[in-house]
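Here are a few exercises to get you acquainted with a new structure. Grab a pencil, look at the picture, and try each task before you read its solution.

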Amino acid sequence: MAKIEARLEELGIHLPDAPAPAANYVPFVRTGNQLFVSGQISNGPEGLIRGKLGDGMDVEEGAMAARFCGLALIAQAKAAIGDLDKLRVVKLVGFVNSTPDFTDQPKVVNGCSDLMVEVFGDAGRHARSAVSAASLPMGVAVEIEAIFEVA
C-alpha cells in the first residue's frame, strides 16, 4: 500500500469522491509538474456546510469546514494523479465567508493546513493565503483552492 494511502487509513480518514464542478470549469489542471485544483467548498457528510464566521459560526466550526475542503482537495488530486505519494502541497488559498469585523481567517483555514501536514507530513507544509469574503457560493462557510507539485 502506498505511504499516503496507509497514512489516511491510519488516521481513519476516508476521502470523499472527487466533487464534480458546479459551473463551467474543470476541477483541476496539470501543467508540467504543477497541479492546480479548483476551489473546493465546505461540504461534509451531512451536505453543504453553510454559515458566516462571526455571525452564528465560531472558529472551531469554521476550521472543521476548512478540513472538509482539504479532504475534497486531496480527493481531486488523487483523481488527477492517482498516486498521492507523488504530491507536495505548494500553496493553499482560503476564502472565509465572514463578517467585516471577523479577523480569525487564518485560524479557520488552519483546519485545512493542519490536515495537509497530518496527511503528507513535511510535504504538506505550504505557502498560504487566508482571506475574508462577503459571501461564497451557495452560502458555504469556506472555499479553498490548492497548488500541488507532482514528483
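**Exercise 1: the fold as a string**

Which pattern does the protein chain follow when you read along the sequence?

*Solution.* One thing to keep in mind from the start: this is a predicted model. Begin by counting the pieces: the secondary structure comes to 3 helices and 9 strands. Then put them in order along the sequence, and you get α-β-β-β-β-β-β-α-β-α-β-β.

**Exercise 2: overall shape**

Work out how the radius of gyration of the protein chain agrees with that of a compact globule.

*Solution.* Start with the expectation: with 151 residues, a compact globule would have a radius of gyration near 15 Å. Next, take the value for the protein chain, which is 15 Å, so the two agree. For the extents, the C-alpha trace spans about 45 × 35 × 30 Å along its principal axes. Now look inside: buried residues make up 40% of the 151 residues. Finally, check the contacts with a separation of 6 or more; 80% of them are accounted for by residues 24 or more positions apart.

**Exercise 3: the nonpolar core**

Find out which residues have the most contacts inside the largest nonpolar core.

*Solution.* This core has 36 residues, and F120 and I144 are the ones with the most contacts inside it. Where do the core residues come from? Two or more are given by each of helix 1 (3-11), strand 2 (34-41), helix 2 (59-81), strand 7 (87-97), helix 3 (105-120) and strand 9 (142-150). Helix 2 gives the most, with 9 residues. To finish, zoom in on F120: leaving aside residues up to four places away in sequence, F120 touches I4, I74, L84, L87 and V89.

**Exercise 4: two pockets**

Describe the lining of the largest pocket, then do likewise for the second largest.

*Solution.* Take the largest pocket to begin with. Its volume is about 250 Å³. It is lined by 16 residues, and A20, A22, Y25, G39 and I41 lie nearest its centre. Strand 2 and helix 2 are the elements that give two or more residues to this lining, and strand 2 gives the most, with 3 residues. Sort the lining by class and you find 11 nonpolar, 4 polar and 1 charged residues.

Now the second largest pocket, with a volume of about 180 Å³. Its lining is made of P16, P19, I41, N43, G44, P45, F68, L71 and A72. Strand 3 (43-44) and helix 2 each supply at least two of these residues, with helix 2 giving the most, 3 residues. By class, this lining has 7 nonpolar, 2 polar and no charged residues.

**Exercise 5: two loop residues**

Decide whether A23 is buried or exposed, and then look at the backbone of M138.

*Solution.* First find A23 in the loop between helix 1 and strand 1 (28-31). Its relative accessible area is 54%; exposed means over 50%, so A23 is exposed. For a sense of distance, pair A23 with A127, 104 residues apart along the chain: their C-alpha atoms are separated by 27 Å.

Then move on to M138, in the loop between strand 8 (127-133) and strand 9. M138 is not a glycine, yet it has a positive phi of about 60 degrees. With a relative accessible area of 47%, M138 is partly exposed.

Technical notes:
Residues numbered from 1 in each chain as written. Predicted model: local features only at pLDDT ≥ 70, side-chain atom pairs only at ≥ 80, totals over all residues. Heavy atoms only, no water. Core = buried A, V, L, I, M, F, W, Y, C linked by side-chain atoms within 4.5 Å. Buried < 20%, exposed > 50% of the residue type's maximum accessible area, 1.4 Å probe, protein only. Helix = DSSP H or I, 4+ residues; strand = E, 2+ residues; numbered from the N terminus. Contact = heavy atoms within 4.5 Å. 1 Å grid on protein atoms, 1.4 Å probe; cavity = no way out; pocket = protein on both sides within 12 Å on 5 of 7 lines; lining within 4 Å. Points joined across faces, edges and corners; volume = space filled by probe spheres on them. Nonpolar A, V, L, I, M, F, W, Y, C, P; charged D, E, K, R; others polar. Rg over C-alpha atoms; globule rule 2.2 N^0.38 Å.
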